[in-house]
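Q: I'm new to this one and would like a close look at a single part: the largest nonpolar core. Could you walk me through what makes it up, and then how it sits within the rest of the chain?

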Amino acid sequence: SRERTPNGNIYATGGASNAKVFSQVYGKFEFRFRMDKGYGINFVLLLWPTNDQWPPEINIAEDDGKSRDLLTGTLHYGAGNNTIGKKAPGAADFTKWHTVGAEWRPGSLVFKLDGKTWGTINSPNVPNTPMSMAIQSQAWPCGGSFSDCPNTTPPPLVNLEVDWAFAYTAV
């Protein structure tokens, strides 16, 4: 939501994590979600290292906060924030309910949209460190390479709604 802060009237965003009660290495992860339109405010459903030592990071589903139809899946790894990513422009209308997921195995990430594979990463850089599930929205800074800052079009409140999230130990 747009909030009055010492830095001006800006969007305050946030998230949730199950890091205090859950972590695992490998498995299948799914989220059913939707998000209101709001230029410059994106969603990311991800796996985050339980020890809070970044990287690695596995973004199961993320958009750029623009048209709400882009789906990206990204592996962040290494000290230089190296990335391997997959993009699916026009994948779906994420203002409507969809299920996204990832199957995480040694050396492999398989990204799913509504039960169908849309991207795969095979790499020795796929982590084997315990990770937790996280859900967040974020407002981007102006002039970024992936997204842009909120313009004058977003409503005062942009909702990211999650119906459910599941983690399975075996794929």
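A: Let's start right inside. The largest nonpolar core has 30 residues, and the members that touch the most other members are L47, I58, F94, V100, W104 and L109. Keep in mind that you're looking at a predicted model.

Where do the core residues come from? Several strands chip in with at least two residues each: β4 (27-35), β5 (41-49), β6 (57-62) and β7 (71-77), then β9 (98-105), β10 (108-113) and β12 (131-139).

Now step back to the chain around that core. It's strands that you'll find here, 13 of them, with zero helices. Follow the sequence and the pattern reads β-β-β-β-β-β-β-β-β-β-β-β-β. Among the contacts with a separation of 6 or more, 64% are between residues 24 or more positions apart.

How about burial in general? Of the 171 residues in the chain, 43% are buried. As for overall dimensions, the C-alpha atoms fill a box of roughly 45 × 30 × 30 Å along the principal axes. The radius of gyration is 16 Å, which agrees with the value near 16 Å that a compact globule of 171 residues would have.

Finally, the outside. The chain has an accessible surface of about 8,500 Å², and carbon and sulfur atoms account for 50% of that. The chain also carries 15 positive and 15 negative charges, and the mean positions of these two sets lie 3 Å apart.

Note on methods. Residues are numbered from 1 along each chain as its sequence is written. This is a predicted model: local features need pLDDT of at least 70, side-chain atom pairs count only at pLDDT 80 or more; totals for chains, interfaces and linings use all residues. Side-chain values use heavy atoms; hydrogens and water are left out. Helices (H or I, at least four residues) and strands (E, at least two) are DSSP runs, numbered from the N terminus. The radius of gyration is taken over C-alpha atoms; the globule rule is 2.2 Å times the number of residues to the power 0.38. Buried means under 20% relative accessible area, exposed over 50%, partly exposed in between (1.4 Å probe, protein chains only). Contact means heavy atoms within 4.5 Å. Accessible areas come from the Shrake-Rupley method with a 1.4 Å probe; for residues, only the protein chains shown count as cover. Lys and Arg count as positive and Asp and Glu as negative; His and the chain ends are not counted. The place of a charge is taken as NZ of Lys, CZ of Arg, CG of Asp or CD of Glu. A nonpolar core is a set of buried Ala, Val, Leu, Ile, Met, Phe, Trp, Tyr and Cys residues joined through side-chain atoms within 4.5 Å.
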